[in-house]
Each structure stands twice: as C-alpha cells, then as structure tokens.
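Hi,

Here is the structure I said I would pass on. Have a look through it, and then read my notes underneath.

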Amino acid sequence: MALPQDLIDALRNLATAMAENRTAAQTQSTALLNALDQQRLQSVDLVQQLADNAAAAPAAAVARVTAAAVDSIPCFEGKLMDFPQDFIDFVDRVAVAEGWTDAQRIQVAARRLLKTALDWHIHIGHAHATWNDWSLAFTANFSPRLNVSEWLHLVEDRRQKPGESGIEYALDKHKVLRVAPIPINEEKMVAFFIDGLASWQHVAAMTANRPANVPQFIQRIRELETLGVASRVVPPPAHGPMAPPWAPPVVPTVAPPAAPTRTPPVAPPSAPDLNATLATFGNQLVNQLTAQLNKKTIGSRGTGGGGGGGDRGRRSGGDHGGGGWVDPSKRKCYSCDAIGHIARHCPTKSGKGPTGS
C-alpha cells in the first residue's frame, strides 16, 4: 500500500528536524567541553604558579590570616560614594603588617565585599590571579563617574551636621572633592570647606584669614573648636580678604543672636487645703440635715391632731398642698393674701394668736 505524499513529506521534515537538533546538541556539548578544558588548564597554571612561588622561597613561612585582621578592614559595597582606592590602600596596609601573600590579599578583599562588589568578584574578579591585576580591575570598575552637575549637587549637599566635628566634616567632604570631574586646586577645596561650615563664627574667622591648603584648614578648624573663636585674635589681612578664583557663594554677615528673654518662673499651683475642703463639706451636710429636719417638723404640725378650724385648717388645705412641705418664702397668707408668711404670723392682725375665719 503506497503512503500518501503528505505523510511522506511530514516524515521527511521530522527526520530533518531531528538531525538538526542532534547537530545543535553536539555543538553545545563540544563548546561546554572546551570551556571546561580551558578552566582546567587555568587551574593547572594557577597550581603550577603557586608551586613555583613556594619553591622559590621554601624557607618563608606563610602568614596566617586572623579574623581580627580581616574584621579591621571596612566592607565595600560598590555604592556611588564608596572609593575603591581607599579600600585597596587599607587592604595593603593590613597585608604589609600581617605579611600576607597576593593570594591571601585577594582572599581577604573578597571576604570584605558586599552586594554589587561581591557580584563583580564572583563573575569577573576571580579571573585575576595576581593582586596587582585584581586591584587595578577593581579600581577601574568602581571609580565614581560623575558629571559636573551631579558632583556640584553632592558638594552642596555635604554640609557640617549638628554635633559633627570640623575634622570629621572636612575629611568626609574631601572624599567628595577628590572625585571632581574637573581639576580643582587646594584653594578651591578650602573655599568649598568654608561654604559648608555650620557655625557662622567659624565662617567669619576662616574668611578673615583664609587657609592656603587643606591641611591648614584642618588645623585651623581644630584650633577654633578647641580654643574658641573669641580666644583667637585673627589679624585682618593687609588688603582685605582675597577673592577666590571660582567666586564662592557670598556669606552674609549674621548678627549674633540676641539673648533670649527670661520669663519669671511661674509658681506651681498650691495643693488644695484638705481641712478647708472637709469643713465646707461638713457645713453643707449639716445644712442639708437641718433642712430635712425642719421639713419633717413642719409636716408633722400640718397633719397633727386638734381642731380643724382657723388658719391651722387652712394650712392643711393650702399651705401644705395635701401634707407636703412648702417653702416658707412661697406660703400665702389667707388673711391678707400676701406671699411670704402665714395667717398666724400676719402683721395686719393686732391679736397674738389666730382668730379663725
């Protein structure tokens, strides 16, 4: 039975695709084997180099890398204001003191790398066998690359912080000035230092007698902070202060702040008199008890026995409102119809007692 032409074409295409996949897989395998072989050759060369170095100085003892020495080296992350040359110099100083080899320097430096810098060493830096090659590649990769506007923005933002000493401020700002994209001399650096000082007294003293270079500025700021501005007599310049070549920002003369007005202390509120409070409460209680007692006495008189005539009968019907107590100031006299007394006490009567209606 003959196969359809479409099926034959499909089988032919499948066979061609399988052959191409097999060829691609063989090519990838060959490339991978070549890469592994290259790595093996590099490892052999490194081992041979280490063996040659060991044979050249058989009597030299290899220094041991201590944890304290490694921890004394600051970490490096690879951020914008991390300076790779400072990190390399620090590793070199510790390595000379400890007697480390090139391999130990690379090992210790890699242990102090973090984040971006560590990723660089894993992918690129490990290929450099000597410390010189590794440090050059490291410095070239992490040196700050800023344009003029970015650099000026960093310089303007770096001002002396509250509680920060002048030496700390100067040394930290000097790192920013070192990465300037344009060449600047010592005089311009001093002008940038003065512009970022926090104390107007220090700015005035530095402007009146401007230091010539960075070391003089550090010495002057240390003296001003140690002795105080008032204790140093700064002679005025012969021809006025020298204008900087780069036209630094004009520092306005600020008058010293006026002494704050002292307000007289306010006496704290006195503690309440406990005896007076208790006496007041006792008087109120006595008055309430007296009123209640009078109420009961008057009520008993209005509802008591005896004749029902005269003003006594009228009180029981009108003054007490059915036996209840009525305020004496609101009682009505049935003799003169006045408010404020009862008929028995009516002033219009001449007799001493009630006479009846």
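No disulfides turn up anywhere in the structure when the whole of it is searched. Bear in mind that this is a predicted model. Take C336: its closest cysteine sulfur belongs to C346, and the two sulfurs sit 3.7 Å apart, which is too far for a bond. The cut-off for a disulfide is 2.5 Å between the sulfur atoms, so the 3.7 Å between C336 and C346 does not qualify. C336 itself is partly exposed, at 31% relative accessibility. Another cysteine, C75, also falls in the partly exposed class, with a relative accessible area of 40%.

That brings me to the stretch around C336. UniProt, in an unreviewed entry, places a feature called "domain: CCHC-type" at residues 331-347. In the model this span has 0% helix and 0% strand, and the C-alpha atoms at its two ends are 15 Å apart.

H341 is worth a click while you are there. You will find it in the segment that follows α13 (310-319). Is H341 buried or exposed? Its relative accessible area is 18%, so it counts as buried; the limit for that class is under 20%. What does H341 touch, once its neighbours within four places in sequence are left aside? The contacts are P328, R331, K332, C333, C336, C346 and P347. So both cysteines of the 3.7 Å pair, C336 and C346, are on the contact list of H341.

Next, go back towards the start of the chain. Helix α1 covers residues 5-56, and L14 is part of it. L14 is partly exposed, with a relative accessibility of 48%. On the surface, L14 joins L7, L11 and M18 in a nonpolar patch, and together these residues have about 370 Å² of accessible area.

One last place to look is I167, which belongs to helix α8 (residues 166-178). Which residues does I167 touch, not counting those up to four places away in sequence? They are I218, I221 and R222. With R222, the positions along the chain are 55 residues apart, yet the C-alpha atoms of I167 and R222 are separated by 6.8 Å. Even with these contacts to I218, I221 and R222, I167 is partly exposed, at a relative accessible area of 28%.

Cheers

Key:
Residues are numbered from 1 along each chain as its sequence is written. This is a predicted model: local features need pLDDT of at least 70, side-chain atom pairs count only at pLDDT 80 or more; totals for chains, interfaces and linings use all residues. Side-chain values use heavy atoms; hydrogens and water are left out. UniProt positions are given in the numbering used here, feature names are shortened, and annotations may be inferred rather than shown by experiment. Helices (H or I, at least four residues) and strands (E, at least two) are DSSP runs, numbered from the N terminus. Patches are made of residues with over 30% relative accessible area and no salt bridge: like charges are joined within 9 Å, nonpolar side chains (Val, Leu, Ile, Met, Phe, Trp, Tyr) within 5 Å. Accessible areas come from the Shrake-Rupley method with a 1.4 Å probe; for residues, only the protein chains shown count as cover. A salt bridge is a side-chain nitrogen of Lys or Arg within 4 Å of a carboxyl oxygen of Asp or Glu. Buried means under 20% relative accessible area, exposed over 50%, partly exposed in between (1.4 Å probe, protein chains only). Contact means heavy atoms within 4.5 Å.
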